[in-house]
Amino acid sequence: MERTTRYSKKRQAILEVIRGTSVHPTADWIYQQLKPSHPDLSLGTVYRNLSLFREQGVVKSVGVVDGQERFDADLSPHSHFICTQCGAVFDLHTMALDKGLDDTVEEQYGHHVSHHDLTFRGVCHTCCKKRSKQDTANGISS
């Protein structure tokens, strides 16, 4: 039996914060954004609602970055890039998701693929620029 969910101003606020940002927030980030306007909000409420939103398919988890799960309300097919230096998560909308990967998994392993997520990890352009400036300042050439 499907559980019914009553309307909640806090739940609505949590969802609006996720939908209103592209930073792929953590539960703690959402909590910090909403605490001033919702002083009785608890971090547990944020976690419970994120779990509910995931179950409902309203948000998805991008994965764990620096020990904290990151969320995305953009459900359109797209890949992500996670910076291993600063922890930033970027959408890669112009990267075509390769249906051929699904077919390969089905052919080689016999599994039926409903979808796949592609995540790249490395150093983002901002961190690369910072590193390059630091190297230049320290007399290191690349």
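## Close-up views of a predicted model

**View 1. The buried side of helix α1.** Helix α1 spans residues 9–19, and its buried residues are Ala13, Ile14, Leu15, Val17 and Ile18. Keep in mind for this and every other view that the model is predicted. The buried set of α1 packs against three elements: α2 (27–34), α3 (43–56) and β2 (68–72). At the start of the helix, look for Ser8, where a side-chain oxygen comes to within 3.3 Å of the backbone nitrogen of Lys10.

**View 2. The largest nonpolar core.** This core counts 17 residues, and Ile14, Ile18, Ile30, Val46 and Val59 are the ones with the most contacts inside it. Helices α1, α2 and α3 each put in at least two residues. The top contributor is α1, which gives five.

**View 3. Ile18 and its neighbours.** Zoom in on Ile18, one of the buried residues of α1 and also among the best-connected members of the largest nonpolar core. Leaving aside residues up to four places away in sequence, Ile18 touches Pro25, Ile30, Leu50, Phe53, Val59, Asp72 and Ala73. Two of those names, Ile30 and Val59, also turn up among the core residues with the most contacts.

**View 4. His80 in strand β3.** Here we sit on His80, part of strand β3 (residues 79–83). Is His80 buried or exposed? His80 counts as buried because its relative accessibility is 5%. The side chain of His80 makes a polar contact with another histidine side chain, that of His78, at 3.1 Å. Skipping residues up to four places away in sequence, the residues that His80 touches are His24, Lys60, Val62, Asp72, Val89, Phe90, Asp91, Leu92, Leu118, Thr119 and Phe120. Asp72 shows up here and in the contact list of Ile18 too.

**View 5. Two cysteines, no bond.** The pair to look at is Cys83 and Cys86, and the structure holds zero disulfides. Why don't the sulfurs of Cys83 and Cys86 count as bonded? The sulfur of Cys83 has its closest cysteine sulfur in Cys86, 3.6 Å away, which is too far for a bond; a disulfide would need the two sulfur atoms within 2.5 Å. Looking from the other end, the closest cysteine sulfur to that of Cys86 is the one in Cys83. Their surroundings differ: Cys83 counts as buried at 2% relative accessibility, whereas Cys86 counts as partly exposed at 43%.

**View 6. Both ends of helix α4.** Helix α4 covers residues 99–109, and Asp98 caps its N-terminal end, with a side-chain oxygen 2.8 Å from the backbone nitrogen of Gly100. Just after the helix comes Gly110, with a positive phi of about 80 degrees.

**View 7. Pulling back to the whole chain.** For context, the protein has five helices and five strands, running α-α-α-β-β-β-β-α-β-α from the N terminus on. The radius of gyration is 19 Å, well over the 14 Å that the globule rule gives for 142 residues, so the protein is more spread out than a compact globule. Along the principal axes, the C-alpha atoms fill a box of roughly 60 × 50 × 25 Å. Of the 142 residues, 30% count as buried, and the protein exposes about 9,600 Å², with carbon and sulfur atoms supplying 51% of that area. Take the contacts between residues at least 6 apart in sequence, and 44% of them join residues at least 24 apart.

Key. Residues numbered from 1 in each chain as written. Predicted model: local features only at pLDDT ≥ 70, side-chain atom pairs only at ≥ 80, totals over all residues. Heavy atoms only, no water. Buried < 20%, exposed > 50% of the residue type's maximum accessible area, 1.4 Å probe, protein only. Helix = DSSP H or I, 4+ residues; strand = E, 2+ residues; numbered from the N terminus. Polar contact = N/O pair within 3.5 Å; in protein donor to acceptor, adjacent residues only side chain to side chain. Contact = heavy atoms within 4.5 Å. Core = buried A, V, L, I, M, F, W, Y, C linked by side-chain atoms within 4.5 Å. Rg over C-alpha atoms; globule rule 2.2 N^0.38 Å. Areas by Shrake-Rupley, 256 points an atom, 1.4 Å probe, with all protein chains shown as cover.
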